[in-house]
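Here are some exercises to try with the model open beside you. Have a go at each task before you read its solution.

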Amino acid sequence: MQRKQFGLHDVVQMKKAHPCGTNAWKVIRMGMDIRIKCTGCDHSVMIPRLEFERKMKKVLIHAEGEPEA
Ligand SMILES: [Zn+2]
């Protein structure tokens, strides 16, 4: 199985959309746990990395090259 590539500040699509109707999440923290923020309503959730990789569908926007904040 291919490992999903994602990085800080990438915008990702999850398998399930947020109840607000948006399915675009920005990665705002990397680590053992990943924190993502809904781009629709600014709600943020922290989920374990493995769970995140299972639930993530694809990367919508690669933030590659952006300076680290
Ligand atoms: Zn939302």
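**Exercise 1. Work out the strand order of the open sheet and find its edge strands.**

Step 1: Trace the sheet from one side to the other. You get five strands in the order S4-S3-S2-S1-S5, paired antiparallel. Strands here are DSSP runs of E with at least two residues, helices are runs of H or I with at least four, and both are numbered from the N terminus. Two strands pair if DSSP finds at least two bridges between them.

Step 2: Look for strands that pair on one side only: these edge strands are S4 (44-48) and S5 (56-61).

Step 3: Check the twist, which averages 40 degrees from one strand to the next. Angles like this run from 0 to 180 degrees between N-to-C directions, with axes as lines fitted to C-alpha atoms (for helices, over the stretch in contact).

A word on what you're looking at: this is a predicted model, where local features need pLDDT of at least 70 and side-chain atom pairs count only at pLDDT 80 or more, while totals for chains, interfaces and linings use all residues. Residue numbers start from 1 along each chain as its sequence is written.

**Exercise 2. Follow the bridge partners across the sheet, starting from Val11.**

Step 1: On one side, Val11 stands opposite Ile61 in S5. S1 and S5 share four bridges.

Step 2: In S2, Val11 has Lys26 as its bridge partner. Two bridges join S1 (residues 11-14) to S2.

Step 3: Carry on from Lys26, which stands opposite Lys37 in S3. S2 and S3 are joined by four bridges.

Step 4: Finish at Ser44 in S4, opposite Lys37. Five bridges hold S3 and S4 together in the antiparallel sense.

**Exercise 3. Which side chains of S3 are buried, and which are not?**

Step 1: Recall the general pattern: in a regular strand, side chains alternate between the two faces of the sheet.

Step 2: Sort the residues. Ile34, Ile36 and Cys38 point to one face and are buried, while Asp33, Arg35 and Lys37 point to the other and are not. (Buried means 20 or more other C-beta atoms within 10 Å of the residue's own, exposed means 12 or fewer, and partly exposed is in between; C-beta atoms are placed from the backbone.)

Step 3: Now find the largest nonpolar core, a set of nine residues: Phe6, Val12, Trp25, Val27, Ile34, Ile36, Cys38, Phe52 and Met56. Such a core joins buried Ala, Val, Leu, Ile, Met, Phe, Trp, Tyr and Cys residues through C-beta atoms within 7 Å. S2 (25-29) and S3 (33-38) each give two or more residues to this core, and S3 has the largest share, with three.

**Exercise 4. Where do His9 and Asp42 sit, and how exposed is each?**

Step 1: Know what to expect: most residues other than glycine have a negative phi.

Step 2: Take His9, whose phi is positive, near 75 degrees. His9 lies in the segment before S1, and counts as partly exposed because 17 C-beta neighbours are inside 10 Å.

Step 3: Turn to Asp42, with a positive phi of about 70 degrees. Asp42 is in the turn of the S3 and S4 hairpin, which has five residues between its strands. Asp42 counts as exposed because it has 9 C-beta neighbours inside 10 Å.
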